[in-house]
Amino acid sequence: MTPPAVPAAVHPSVAAFLADRDAVRAALRRFGSPVHLVFPEVFGGNLAALRAVLDAAAPAARICYAHKVNRSAAFAATAAAAGIAVDVASAPELRAALAAGFPAERIEATGPKGTAMLRAALEAGVTVNVDNLWELRTLADSAVPVPVLLRVSGFPGSAVSRFGIDLADMGAAWEILTRHRDRLRLLGFAFHLDTAATAERVRAVAECLRLVERAYEHGLTPSVLDIGGGLRQLFTADAAAYDRYDAALRAGLLDTSARLHWGGNTFGYHVADGAVHGAPVFHKYANTESAPAMLAELLAAPLPGHGGRALGRVLADNLLDLWLEPGKALVDQAGITLATVEFVKRAGNGATLVHLDLSRDTVTAADQEVLIDPIVLTDAPPDPIGVYFAGHLCLERDLITQRQVRVEALPGPGDTVVFANTAAYHTDLSAARASMHPEPAKVAVIRREGGFVLCPDAEYRPETAVPR
């Protein structure tokens, strides 16, 4: 059986690069295979789209690029030149942000932080987004005044989170903040929900506004509400194609002659009483709502208890600055990974395996299966076939796609395979170095009149700031 195709959404600038086979070959010849390519121009376009939404609905807003989404120096430099802020979650990220040109007042340290990270944040003079009471007490005991946000959790209707100070523990937080107001300058409150649901975010904002009122009762003057990140990406070029593949995958779980999965991997589904149940672990790849649309929907949502006024309007009326920490949304479609076919073989079960010179961990975040098809660049004549892409590690689990993928022509040794939209976590979350394989190079691609310029990521410098 040849499976349905699931075409990837590809930014026009990236598509233009892939159409220039000389540029693709030049990247592989100069930097080797595999190679991660990042497109600062696409990052800038994503930033401009979010800024347009904020300018219309929440002018007093700050965008903090979530650096953890990608280690790319080019992305960080682009963000710094654009005048936005950055969210760092480790001491190395803090050093990278400073090296990229971010001043201390545009750096926010987030996530759980140990003693070393708190010390680094204090020495750099950056804002600390406090995750827990221990962090707050540790900062209070320092001799250095520090601006802080309080990350809170435990909102009604939301799942239990291991992050943030639970609303039930705010009594202790108030005591620390008021007793050490000479050292802890409360800027405001923050949250980060593990959901994109607007209704949950609205409830969280409402709870944070109540905390702002309580803060004023304690003589504190917060002015910031940080809603975190979580804006989604657009992976599929055709949502209906995703649905067709999902239906075929589920059908294959019931009929072994039509199976599209390798071994016992059922991607979150299970079979019981002759039917397929459960939810797939790749469900986010079906998203059809862009990050700007999600943000606009949130800012326009009526806030309970405020006369039906939109969330953005309520924040403005209360003189509160909105901060947000997008990562995936800023690098959406701004990165790809190129790999070379090493050989093609037939497995004992009859499956066709296309072996590449990279591992699954190089292009796939955590244990999720990516449900968009790799792009094959080959001169082979069209002849659609279903294949599995296999990695170069001596591990049974190193199947880059544990589902059968449709290709329009079977590639051969030396052909190029492109993994689209890998900039968000995929390339940096768990890159494998087993068997002494080197980490793939990361290269910035700059579009110029008449072609493309390749620049080692660490050497990239924006020529001018991204226009507002």
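Hi everyone. Strands, as I use the word today, are DSSP runs of E with at least two residues, numbered from the N terminus. With that in hand, let's start at C394, which sits in the loop between strand 16 (385-390) and strand 17 (405-407). Please keep in mind that this is a predicted model.

Why begin with C394? UniProt, in an unreviewed entry, places the feature "active site" at this residue. Is C394 buried or exposed? Its relative accessible area is 75%, and exposed means over 50%, so C394 counts as exposed.

Now to another position that comes with a label from the record. The unreviewed UniProt entry has the annotation "modified residue: N6-(pyridoxal phosphate)lysine", and it covers K68. You'll find K68 in the loop that runs between strand 2 and helix 4 (73-81). K68 has 36% relative accessibility, which is why it counts as partly exposed. Which residues does K68 contact, once we leave aside its neighbours within four places in sequence? They are D87, E93 and Y425.

Let's follow that contact over to Y425. This residue is in the loop between strand 18 (416-420) and strand 19 (441-448). The backbone deserves a look here: Y425 has a positive phi, about 70°, although it is not a glycine. At 25% relative accessibility, Y425 is partly exposed. So on your screens, you can go from K68 to its contact Y425 and inspect the backbone there.

There are two more backbone spots to show you. F267 also is not a glycine, and its phi is positive at about 60°. Look for F267 in the loop between helix 10 (239-254) and strand 10 (269-272). Is F267 buried or exposed? With a relative accessible area of 3%, F267 is buried, because buried means under 20%. The other spot is a peptide bond: from S33 to P34 it is cis, with omega near 0°. P34 itself belongs to the loop between helix 2 (21-31) and strand 1 (35-38).

On to the strands and how they pair. For residues 57-237, UniProt lists "domain: Orn/DAP/Arg decarboxylase 2 N-terminal", again from an unreviewed entry. That span is 38% helix and 20% strand, and its end C-alpha atoms lie 29 Å apart.

Strand 12 (residues 321-324) is a good place to look at pairing. Strand 2 (residues 61-66) runs parallel to strand 12, and three bridges join them. Strand 9 (residues 224-226) also pairs with strand 12 in the parallel sense, over three bridges. Where do these pairings meet? Have a look at W323 in strand 12: R62 stands opposite it, and W323 is also the bridge partner of D226. So for anyone orienting the view, W323 can serve as a reference point, with R62 and D226 as its partners.

While we're on strands, let me add R185, which lies in strand 8 (residues 184-190). At 51% relative accessibility, R185 counts as exposed. Which residues does R185 touch, not counting those up to four places away in sequence? The answer is V146, P147 and V148. V146 is 39 residues away from R185 along the chain, yet their C-alpha atoms are separated by 6.1 Å.

Last topic: the cavities. How many cavities of 30 Å³ or more does a search of the whole structure find? It finds two.

The largest cavity has a volume of about 140 Å³. Its lining comprises 15 residues, and those lying nearest its centre are V363, V370, I372, P374 and F419. By class, that lining has eight nonpolar, five polar and two charged residues.

The second largest cavity comes in at about 40 Å³. Among the residues lining it are A9, V10, H11, V14 and L18, along with Q333, G335 and I336. The lining also includes I375, A420 and N421. Which elements each supply at least two residues of this lining? Those are helix 1 (12-19) and strand 13 (335-346). Here the classes are seven nonpolar, four polar and no charged residues. The charged class is where you can set the linings side by side: two charged residues for the largest cavity, and none for the second largest.

That's my tour. Thanks for listening, and I'm happy to rotate the model to any of these spots.

Terms used:
Residues are numbered from 1 along each chain as its sequence is written. This is a predicted model: local features need pLDDT of at least 70, side-chain atom pairs count only at pLDDT 80 or more; totals for chains, interfaces and linings use all residues. Side-chain values use heavy atoms; hydrogens and water are left out. On a 1 Å grid over the protein atoms alone, a cavity is a set of points where a 1.4 Å probe fits but cannot get out, and a pocket is an open set with protein on both sides within 12 Å along at least five of seven lines; lining residues have an atom within 4 Å of a point. Grid points are joined across faces, edges and corners, and a volume is the space filled by probe spheres set on the points. Ala, Val, Leu, Ile, Met, Phe, Trp, Tyr, Cys and Pro count as nonpolar, Asp, Glu, Lys and Arg as charged, and the others, Gly among them, as polar. Helices (H or I, at least four residues) and strands (E, at least two) are DSSP runs, numbered from the N terminus. UniProt positions are given in the numbering used here, feature names are shortened, and annotations may be inferred rather than shown by experiment. Two strands pair if DSSP finds at least two bridges between them. Buried means under 20% relative accessible area, exposed over 50%, partly exposed in between (1.4 Å probe, protein chains only). Contact means heavy atoms within 4.5 Å.
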